[in-house]
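Me: I would like to go through the charged pairs and the helix packing here. Could we begin with the pairs that lie within a helix?

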Amino acid sequence: MVKIFLLNGKPIRLTVPSDHAVAVRIARHMQRRIVENDWKPYLSQSDALRAWSKLGGIRLDVLRALGLI
């Protein structure tokens, strides 16, 4: 069963119930990094986003919903 989670008005497709908790956790984590400008262990935000984008999945969907990529 596919569910839709809206983050910043953008849909994120969730295929298993635990994906919702994962999406929320990633969103909070990214929002904290934005506020604190903390991209460690990467040297910059762009380096971090480039690396995380390669992981795909929910993380990539959250980055898109937050307007980071």
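Reply: This is a predicted model. Arg50 and Asp47 are both in helix α2, which spans residues 45–55, and they sit 3 residues apart, about one turn of the helix. Their side chains form a salt bridge, with the closest N and O atoms 2.7 Å apart.

Me: Is Arg50 buried or exposed?

Reply: Arg50 falls between the two and counts as partly exposed, with a relative accessible area of 48%. Its partner Asp47 is partly exposed as well, at 27% relative accessibility.

Me: And which residues pair up in α3?

Reply: Arg64 and Asp61 do: both belong to helix α3 (residues 57–65), again 3 residues apart and about one turn of the helix. They meet in a salt bridge with an N to O distance of 3.9 Å. The cut-off is within 4 Å, so this pair is counted.

Me: How accessible are those two, Arg64 and Asp61?

Reply: Arg64 has a relative accessible area of 45% and is partly exposed. Asp61, at 26%, is also partly exposed.

Me: How many salt bridges does the structure hold?

Reply: There are 4 salt bridges in the structure. Among them is the one between Asp38 and Arg32, whose closest N and O atoms are 3.3 Å apart.

Me: Which residues are linked with Asp38 in a network?

Reply: Arg32 and Glu36 are; together with Asp38 they are linked in a network of salt bridges.

Me: Why is Asp38 not classed as buried?

Reply: Asp38 has a relative accessible area of 21%, and buried means under 20%, so Asp38 counts as partly exposed. Arg32 is in that class too, at 31% relative accessibility.

Me: Changing topic: how do α2 and α3 cross?

Reply: Their axes come within 6 Å and cross at roughly 135°. That angle makes α2 oblique to α3.

Me: Which residues make the contact?

Reply: On the α2 side they are Leu49, Trp52, Ser53 and Leu55. The α3 side contributes Gly57, Arg59, Leu60 and Leu63.

Me: What is the make-up of that contact by class?

Reply: The contact of α2 with α3 consists of 5 nonpolar, 2 polar and 1 charged residues.

Terms used
Residues are numbered from 1 along each chain as its sequence is written. This is a predicted model: local features need pLDDT of at least 70, side-chain atom pairs count only at pLDDT 80 or more; totals for chains, interfaces and linings use all residues. Side-chain values use heavy atoms; hydrogens and water are left out. Buried means under 20% relative accessible area, exposed over 50%, partly exposed in between (1.4 Å probe, protein chains only). Helices (H or I, at least four residues) and strands (E, at least two) are DSSP runs, numbered from the N terminus. Axes are lines fitted to C-alpha atoms, for helices over the stretch in contact, and angles run from 0 to 180 degrees between N-to-C directions. Angles under 35 degrees count as roughly parallel, over 145 as roughly antiparallel, 65 to 115 as roughly perpendicular and the rest as oblique. Contact means heavy atoms within 4.5 Å. Ala, Val, Leu, Ile, Met, Phe, Trp, Tyr, Cys and Pro count as nonpolar, Asp, Glu, Lys and Arg as charged, and the others, Gly among them, as polar.
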